[in-house]
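Student: Could we go through this model together? I would like to see how each label is earned.

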Amino acid sequence: MKKRIVSGMRPTGKMHLGHLHGALLNWKHLQEEYDCFYFIADWHALTSEYANPDIIRQCSRDILIDWISVGLDPDMCTFFVQSSIKEHAELHLIFSMITPLPWLERNPTYKEQLKELTQRDVYTYGFLGYPVLQAADILMYKANGVPVGEDQAPHVELTREIARRFNYLYGPVFPEPDVVLTPTSKLLGMDRRKMSKSYGNAIFLTDTDEEIDRKVMQMITDPQRARKSDPGDPAICNVYSFHEIYSGKDLVSRIDRECRIAEVGCVECKKMMAENLKKGLAAIKERRKELEADVGRVDEVIEEGNRKASIIAAQTMEQVREAVKI
Ligand code: TRP
Ligand code: SF4
């Protein structure tokens with residue numbers, strides 16, 4: 001029997017290269033080895049986007065299409081929508097009864113987000129309880145592992161603590177899942193900050209070739225290299241990081257050499273990178289187009305995933321009710 005992993009994404013915007021290289025390609029890699037449950041965390045999206053639920057609905061479907069387009073295989077993974085499996089809400093409620101408030105208040109992600117999300121009021125009950133819902137998502141399927149980035153590791157730790165506390169109070173129902181750490185993507189946004197929709201610095205999987213050209217031309221390179229005659233340092237240049245992923249070995253070593261002796265200019269270097277990036281994304285776009293034309297296929301995938309997930313969720317909740325005796 002394969003070990004099981006569970007991971008989710010909040011549908012708050014379009015998928016970009018940060019998602020692709022920071023999560024999705026790792027998910028794809030894991031699908032060979034694990035029994036994968038990947039879901040759209042639409043209730044989680046509501047914690048910050050409660051005033052714009054339209055975005056959540058529109059994105060959910062788009063994200064699923066992106067997942068399949070990048071090579072996640074519906075025959076190997078179970079894709080489902082959190083809000084379609086109502087058991088998540090019940091398990092969240094039970095966990096909320098046994099989770100001490102200080103566990104949530106000291107959560108580093110919570111403290112950080114309170115500071116960061118200044119545009120919206122996220123001083124809500126649901127937002128504080130975000131990791132409790134996440135624990136329900138994970139434990140519902142008795143996951144052995146949770147593939148997430150470093151920023152989410154505290155949430156998995158909290159999940160383990162909630163599992164332990166439940167088992168101690170009511171009997172052994174839940175395994176304690178491990179973090180399966182996703183290496184952080186080296187690809188930064190056009191402005192060299194972390195790639196993020198909210199920074200306006202992202203290249204999206206759905207960007208046209210013209211948009212990609214324009215964005216690549218805007219990218220900040222080695223800031224020390226003001227003129228073409230100044231030698232550059234590829235090691236600190238974001239354009240070079242893209243070359244490393246999207247260009248062949250020969251071109252990468254040529255850029256590395258010629259940048260350092262100021263033989264290649266940044267404009268030329270970017271043009272070559274943009275060509276390779278566009279080529280690299282072409283197959284994904286092609287598959288997306290096919291899926292968009294076949295509406296029924298995507299609905300089928302979601303229905304089938306929801307069906308599989310709900311069978312397990314129903315079983316787990318039987319055991320939970322049996323253990324709690326309510
Ligand atoms: N909190 C995760 C994020 O923002 C999304 C998420 C919700 C999740 N539930 C999950 C991830 C369960 C892994 C497992 O990225
Ligand atoms: Fe970056 Fe290329 Fe310019 Fe060197 S030549 S600084 S690698 S964009």
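Tutor: Let us start with K142, which is found in the loop between α8 and β4. Helices (H or I, at least four residues) and strands (E, at least two) are DSSP runs, numbered from the N terminus. This is a predicted model, where local features need pLDDT of at least 70, side-chain atom pairs count only at pLDDT 80 or more, and totals for chains, interfaces and linings use all residues. Residues are numbered from 1 along each chain as its sequence is written, chains are lettered from A and ligands numbered from 1 in the order in which they are written, and side-chain values use heavy atoms, leaving out hydrogens and water.

Student: What makes the phi of K142 worth a look?

Tutor: Most residues other than glycine have a negative phi. K142 is not a glycine, yet its phi is positive, about 50°.

Student: Why is K142 called partly exposed?

Tutor: Buried means under 20% relative accessible area, exposed means over 50%, and partly exposed is in between (1.4 Å probe, protein chains only). K142 has a relative accessible area of 27%, so it is partly exposed.

Student: Why does K325 count as exposed?

Tutor: The relative accessibility of K325 is 69%, so it counts as exposed. K325 is found in the segment after α14 (295–324), and it has a positive phi of about 65° although it is not a glycine.

Student: What about E157, and where does it lie?

Tutor: E157 lies in helix α9 (residues 153–170). Its relative accessible area is 39%, so E157 is partly exposed.

Student: What makes α8 mostly covered?

Tutor: Eleven of the eleven residues of α8 are buried. Among them are Y130, L133, D137 and M140.

Student: How many aromatic pairs are there in the whole structure?

Tutor: A search of the whole structure finds 13 aromatic pairs. Rings of Phe, Tyr and Trp (its six-membered ring) pair if their centres lie within 6.5 Å; planes under 30 degrees apart count as stacked, over 60 as edge-to-face and the rest as tilted.

Student: Why is the pair of F80 and Y141 called tilted?

Tutor: The centres of F80 and Y141 are 5.2 Å apart and the angle between the planes is 50°. That angle is neither under 30 nor over 60 degrees, so the pair is tilted. This pair links distant parts of the chain, 61 residues apart: F80 is in strand β3 (residues 77–81), while Y141 is in the loop between α8 (130–140) and β4 (145–148). Both F80 and Y141 are buried.

Student: And why is the pair of F127 and Y130 edge-to-face?

Tutor: The ring centres of F127 and Y130 are 6.4 Å apart and the planes are at 70°, so the pair is edge-to-face. Both F127 and Y130 are buried.

Student: How do you know that R193 lies over the face of Y199?

Tutor: A charge sits over a ring if NZ of Lys or CZ of Arg is within 6 Å of the ring centre and within 35 degrees of the ring normal. R193 lies over the face of Y199, at 3.9 Å from the ring centre. K14 lies over the face of F204, at 4.7 Å from the ring centre.

Student: Which residues are linked into a cluster by ring pairs?

Tutor: W27, Y38, W67 and F79 are linked into a cluster by ring pairs.
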